[in-house]
Amino acid sequence: MSLIFENVSYHIKEHNLVGEISFTAHAGQIIALLGPNGAGKSTILDLAGGLKTPTSGKILLNNSDIGTISAYKLATMRALLAQESPLTAPFSVTELVSLAFQSLDHTLTMSQKKHLLEEVINSVGLAEKSTRNMQTLSGGERQRAHLARILLQLAANNRPTESQLLLLDEPLSAQDPAQHLMILSLIRHYVRKGGMAVIILHDLNWASAFADHIILLHQGHIYAQGPPGHVLTNATLGSVFGLPSFLVKQHKPTNRPYLIPHDMLSGLS
Amino acid sequence: MFRGFALNRRHFLKLAPIPVLAALSPLAHAENAQIIKDCRGRPVTLRPWQRIAVIGGTLTETLYALGASERIIGVDSTATWPKSALKEKPSFGYMRALAPEGILSLNPDLILAIDDAGPIATMDQLIASRIPVFFIEKTPSPEAVDRRTRLLAKLVQKTNEGEQLCREIDTSWNRLSQWRGAHTGTKKILFILHVANGRPVVAGRHTAAEQIIHLAGGKLVTEEIEGYKTLNSEAITTLQPDIILTMTENEQPTRQLIAHDPAFRLTPAGQKNLVIAMEGERLLGFGPRTADAALELAQILSRA
Amino acid sequence: MISRPSPFMVILTLGILLVISALFVCTLGATGFTLGKTGSLSLFVIEQIRLPRISLAIITGAALGISGAVMQGLFRNPLADPGLIGVSSGAALGTTVYIVLGSSLGLDTLSRHYPFLHNVMLRWMVPLSGMIGGFCTTGLLYSFARRQEGLSTTLIILTGIAIGSFTAAITGILTFRADDTALRDITFWSLGSLAGANWSGFVILLPFFLTALILIFPLRDILNAFLLGEKDAILLGHPVERFKKMAILGVALATGPVVSFVGVIGFIGVVVPHLVRLVTGPDHRIVLPASALTGALLLLWADTAARLIAPPAEIPVGIITAALGAPAFLWLLTRTQTGSALS
């Protein structure tokens with residue numbers, strides 16, 4: 001899998017949501033999209049998922065223009081976890097997750113399906129709640145059920161993981177800290193198998209710990225991109241997020257930066 | 001029981017489907033069967049029917065007047081006269097919204113229907129049931145009253161009673177023309193059928209109300225309207241009716257309307273509060289009492 | 001914990017219930033049932049009156065039930081009913097136009113020259129004009145709600161409201177022009193009745209109904225995906241725009257003709273899918289067939305009540321479905337704590 005943005009811009013009327021976005025991402029990578037609210041992160045995710053068509057520029061998925069790929073084929077190549085779901089139907093977790101089976105042709109037997117279903121629900125930590133009504137679950141649990149659904153969307157078809165793309169819009173937003181680690185590990189595991197993930201994150205420390213490539217966005221443009229140590233600096237964060245509220249330090253064993261809020265430092269000194 | 005069924009079936013197959021052929025067959029001639037045609041030209045073999053389902057208030061009224069009420073097994077909801085009819089006979093609903101099975105359930109041997117009975121699908125099925133269905137014209141005219149009365153009398157073998165009734169009706173028509181000969185002057189009349197949503201539904205041309213008003217020597221002010229339609233206030237002031245005619249059934253709402261609608265106060269009828277109410281079936285049914293109603297109306301008009 | 005009955009058992013039970021009901025109801029009626037001493041009249045009543053009527057009740061109920069399920073899925077709104085896409089109001093306009101203006105269209109003159117044509121028109125012009133009105137209104141709504149980027153469900157609802165009140169206004173103007181007899185005919189049409197059922201009507205309706213089923217049943221998976229929202233349905237690879245067209249076309253084909261024939265029968269389209277989902281859960285693979293069967297079952301019994309309550313007269317079945325449907329709806333609402341649990 002490769003995902004290439006070539007000078008991509010997207011406007012709605014005169015509003016320029018994102019402009020001149022260029023980056024290249026490869027299989028085996030976690031790409032983190034960072035930036036303040038309104039920087040254009042979700043728009044880039046929608047563009048990468050084929051939900052929006054660029055006003056100008058080109059998006060290549062596995063070297064073919066995303067606009068030329070049929071909706072059905074696209075569904076076997078990429079899955080996208082939206083920030084929120086308007087679902088109100090009283091599906092159980094299992095029923096919700098298995099909607100992914102219904103949408104795509106597959107050659108799976110009943111027992112293979114059952115196994116996949118259990119595996120994917122297990123992987124997001126909902127095994128014990130698999131028969132619960134979605135409406136009785138917490139926001140975080142619902143979000144993980146949808147994560148399981150899109151993981152199954154990719155797992156249920158014959159396409160190899162190497163040619164698949166996972167797009168996640170703030171997958172940690174409703175989760176507790178233990179789940180942050182669990183979900184990011186899950187994604188890393190997926191990527192190590194050969195997949196690729198583009199994730200919108202707000203927590204810079206998690207981004208630093210897990211991302212292979214960080215794209216820092218500012219007002220619709222890429223402010224900086226590269227490995228965490230290159231992007232997460234006092235200078236870039238200061239200009240993108242405004243006031244210098246963090247102090248960036250280096251984590252020696254991994255060479256990845258980590259951030260400490262300024263307040264804590266002033267309290268220490 | 002089995003024999004009865006078989007017989008019935010054979011009888012049915014031979015005679016009922018096409019009465020014309022039946023009439024031409026020697027068997028029919030042997031029975032001396034008489035064929036008559038209804039207003040749609042459909043032939044029906046005359047029989048001494050004993051269980052008649054009647055659709056159309058005028059027909060029920062006439063049959064009662066002929067003394068044939070015991071042969072009626074069911075009526076529709078327009079059978080408002082005599083008042084006993086709807087009490088002693090089962091009703092199968094409004095004459096334009098009939099269901100076939102209700103009528104058939106009464107096991108009629110004749111279905112007598114005024115020409116605009118409906119819906120068509122129901123009438124089709126009644127005809128298909130092979131129970132004779134006889135349609136009778138609904139024309140609102142003195143001649144049609146005479147024709148209807150004689151026809152109904154013939155259908156129930158009450159020819160003498162029919163003659164008698166027609167003579168009585170004729171007497172009333174004659175008295176009416178005498179009265180009109182002696183009294184000149186034409187009153188302008190507005191006929192209010194009923195009040196719907198606070199607006200009067202009035203009679204226009206080609207209605208029974210128009211006919212009866214002409215017969216009584218009045219002039220319908222709403223002759224530009226076709227049928228019974230709702231009228232707006234402004235039209236009332238320009239029409240300037242001398243008299244408002246309505247049916248007893250709807251007299252109260254009509255009087256209230258005239259009392260409260262300022263448009264009526266600008267008309268001669270409204271100023272003098274001249275509202276005449278007459279029983280609906282008698283006035284508009286063009287049955288046995290309509291001649292009498294016309295005479296009464298003529299007398300009221302010339303006195304008013 | 002959610003436990004669902006097996007879809008197979010639900011469909012089987014409903015199917016058996018429907019067959020038993022149809023056979024049983026066939027023995028009920030103002031004439032009574034006298035199979036032992038079947039005369040030709042009882043045979044006629046059963047063959048030519050009750051059977052076509054029962055068949056009509058079944059396809060009408062099924063059409064309204066399944067259309068309701070499709071509409072509620074398409075709009076992801078528990079209040080959606082087939083009327084939203086304008087078929088019913090259009091059919092009402094069409095029939096009113098014919099009932100009020102029919103006589104002035106010169107049909108009487110026509111009858112003198114072509115009695116056969118006149119006979120056909122007399123019988124079929126009301127349903128035909130209803131169908132034309134229904135399809136035209138839905139088409140109009142569709143063309144208004146269509147945008148370059150696709151069909152917007154919100155726009156359909158808003159356009160539907162506008163077109164609905166516009167057709168109601170025209171219907172109103174026409175009824176103002178209508179004479180008393182036409183007004184009564186319109187009133188009875190708007191109350192809905194299966195009393196005019198016959199085999200020829202059924203034979204005309206059946207192809208529409210079957211075509212609608214053929215269009216609607218393949219939509220079951222995408223209807224499920226649509227519960228996740230339009231965006232997720234697209235992400236799952238569904239042809240969403242085609243789906244919306246097919247859903248609207250299917251519902252118009254299912255409801256337009258039956259409404260034109262039998263008039264307005266309320267609440268089946270709204271209540272039945274709710275009732276079904278209460279038992280089966282939201283999966284449309286079972287909700288669609290179960291709604292069709294339940295709609296058929298309910299209308300069959302409602303019509304039986306209409307036939308039996310006041311013999312030899314009848315009550316318009318629309319009154320019965322509204323009288324039973326409204327309390328049933330309220331009961332459903334009290335049973336669910338939140339509105340969302342309904343959908």
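In which sense do strands β3 and β4 of chain B pair, and over how many bridges? That was my opening question for this predicted model.

**Entry 1, the strand pair.** I looked up β3(B), residues 52-55, and β4(B), residues 72-75, and found them paired in the parallel sense. The pairing runs over 3 bridges. I then picked B:Ile52 and went looking for its bridge partner in β4(B), which turned out to be B:Ile72.

**Entry 2, the connection.** Next I wanted to know what goes with these two strands in chain B. Helix α4(B), residues 57-65, joins β3(B) and β4(B) in a β-α-β unit. I checked the hand of that unit as well, and it is right-handed.

**Entry 3, chain B as a whole.** I zoomed out and listed the secondary structure: chain B has 16 helices and 12 strands. Chain B counts 304 residues, and 44% of them are buried. For contacts in chain B I took residues at least 6 apart in sequence; 59% of those contacts join residues at least 24 apart.

**Entry 4, where chain C touches chain A.** How many residues does each chain put into this contact? I get 23 residues from chain C and 27 residues from chain A. On the chain C side, α9 (220-226) and α10 (230-235) each supply at least two residues. The top contributor to that side is α10(C), with 4 residues. I also sorted the chain C side by residue class and noted 11 nonpolar, 7 polar and 5 charged.

Methods: Residues are numbered from 1 along each chain as its sequence is written. Chains are lettered from A and ligands numbered from 1 in the order in which they are written. This is a predicted model: local features need pLDDT of at least 70, side-chain atom pairs count only at pLDDT 80 or more; totals for chains, interfaces and linings use all residues. Two strands pair if DSSP finds at least two bridges between them. A crossover is right-handed if, with the strands pointing away from the viewer, the path from the first strand over the helix to the second runs clockwise. Two residues are in contact if their C-beta atoms, placed from the backbone, lie within 7 Å. Ala, Val, Leu, Ile, Met, Phe, Trp, Tyr, Cys and Pro count as nonpolar, Asp, Glu, Lys and Arg as charged, and the others, Gly among them, as polar. A residue is buried if 20 or more other C-beta atoms lie within 10 Å of its own, exposed if 12 or fewer, and partly exposed in between; C-beta atoms are placed from the backbone.
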